[in-house]
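Please examine the model shown here, beginning with the surroundings of a single residue and moving outward to the pocket and the charged pairs.

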Amino acid sequence: MNIVVITHNGKIVTRPDTTWEKDSEDFFPPEFIDELTYTPILFARICKPGRSVSERFADRYFDGINYGILLYPEQMIDGSETGFSTASMVDHTSFLPSPLYNKVTLGIEDNEYVIYSKKKDEEEKEIFRYNQGTAEMIKKAIKEATSLIYIRTGDMIAIELAPRQPLCRREDGDIAIRATYCENPLTDFNIKM
């Protein structure tokens with residue numbers, strides 16, 4: 001199982017399944033990581049293998065959707081493709097919560113996705129809000145990804161919804177990340193710096 005990511009600038013990167021954290025367990029960054037950035041994602045589970053899938057038929061290739069967050073150790077991203085690729089392989093940095101929602105929930109304006117960051121002083125700050133995910137976004141991502149790679153049943157396709165943003169630094173200490181979707185808890189984990 002791979003996580004195929006369409007980055008915010010349109011590149012295609014594959015994260016291995018060792019990066020997947022589906023139970024929202026706390027993240028303990030390795031000591032060499034001083035700064036984490038994040039990007040929120042819309043993702044879908046692939047239910048049928050394929051290559052060179054046209055956008056017209058892409059709806060047949062995914063069955064469940066959800067929103068998540070990708071973490072990046074920023075100091076590894078040195079401007080080279082190797083740096084970004086290596087930063088995308090750090091274990092437990094792809095928070096793709098389950099269970100998944102039916103894809104019909106996409107495009108409903110009342111369904112909001114919110115991520116919160118909670119500092120040590122108990123102040124909670126909203127860092128992202130989004131309610132414009134559509135099935136068309138996922139179908140386009142499947143078309144783009146399968147023009148280069150073969151997707152398998154169980155793979156995830158993820159679309160970054162915003163550019164990477166600073167999340168925390170080691171000197172900031174621990175923070176909590178919380179998210180809701182359709183007014184239900186989506187993810188709740190701590191980053192233990």
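**From one threonine to the wider fold**

Setting aside neighbours within four places in sequence, threonine 7 is in contact with Val13, Phe84 and Glu160. The model is a predicted one, and threonine 7 is a useful point of entry to it. Threonine 7 is located in the loop between β1 (2-6) and β2. Its relative accessible area is 7%, under the 20% limit, and threonine 7 is therefore classed as buried. The side chain of threonine 7 also takes part in a polar contact of 2.5 Å with the side chain of asparagine 9.

These residues lead directly to the largest pocket. That pocket encloses about 430 Å³ of space. Its lining consists of 16 residues, of which Thr7, Asn9, Lys11, Val13 and Phe84 are the closest to the centre. Thus Thr7 belongs to this central group, as do Val13 and Phe84, both of which are in contact with threonine 7. Asn9, the partner of threonine 7 in the polar contact, is likewise among the residues closest to the centre.

Which secondary-structure elements each supply at least two residues of the lining of the largest pocket? They are the strand β2 (12-16) and the helix α1 (81-87). Of the elements, α1 gives the most, contributing three residues to the lining. In chemical character the lining is mixed: six of its residues are nonpolar, six are polar and four are charged.

The charged side chains deserve separate attention. Side chains of opposite charge can pair when their charged atoms come close. Across the whole structure, eleven salt bridges are found. One of them joins the side chains of arginine 164 and glutamate 74, with an N to O distance of 3.2 Å. This pair connects distant parts of the chain, as the two residues are 90 residues apart. Arginine 164 occupies the loop between β10 (156-160) and β11 (165-169), whereas glutamate 74 is in the loop between β5 (62-73) and α1. Arginine 164 has a relative accessible area of 31% and is partly exposed.

A salt bridge within a helix offers another setting. Lysine 139 pairs with glutamate 136, their closest N and O atoms lying 3.8 Å apart. Both residues belong to helix α2 (residues 135-146), and because they are three residues apart there, about one helical turn separates them. The two partners fall into separate accessibility classes: lysine 139 is buried at 17% relative accessible area, while glutamate 136 is partly exposed at 46%. Helix α2 also contains lysine 140, which is partly exposed at 44% relative accessibility. Lysine 140 lies 90 residues from glycine 50 in sequence, yet their C-alpha atoms are 14 Å apart in space.

A further salt bridge links arginine 169 and glutamate 171, whose closest N and O atoms are 2.8 Å apart. Here arginine 169 is partly exposed, with a relative accessible area of 34%. Glutamate 171 reaches 59%, over the 50% limit, and so counts as exposed. The pairing extends beyond these two residues, since Glu35, Arg169 and Glu171 are linked in a network of salt bridges.

How values were computed. Residues are numbered from 1 along each chain as its sequence is written. This is a predicted model: local features need pLDDT of at least 70, side-chain atom pairs count only at pLDDT 80 or more; totals for chains, interfaces and linings use all residues. Side-chain values use heavy atoms; hydrogens and water are left out. On a 1 Å grid over the protein atoms alone, a cavity is a set of points where a 1.4 Å probe fits but cannot get out, and a pocket is an open set with protein on both sides within 12 Å along at least five of seven lines; lining residues have an atom within 4 Å of a point. Grid points are joined across faces, edges and corners, and a volume is the space filled by probe spheres set on the points. Helices (H or I, at least four residues) and strands (E, at least two) are DSSP runs, numbered from the N terminus. Ala, Val, Leu, Ile, Met, Phe, Trp, Tyr, Cys and Pro count as nonpolar, Asp, Glu, Lys and Arg as charged, and the others, Gly among them, as polar. A salt bridge is a side-chain nitrogen of Lys or Arg within 4 Å of a carboxyl oxygen of Asp or Glu. Buried means under 20% relative accessible area, exposed over 50%, partly exposed in between (1.4 Å probe, protein chains only). A polar contact is a pair of N or O atoms within 3.5 Å; within protein, one must be able to donate a hydrogen and the other to accept it, and residues adjacent in sequence count only if both atoms are side-chain atoms. Contact means heavy atoms within 4.5 Å.
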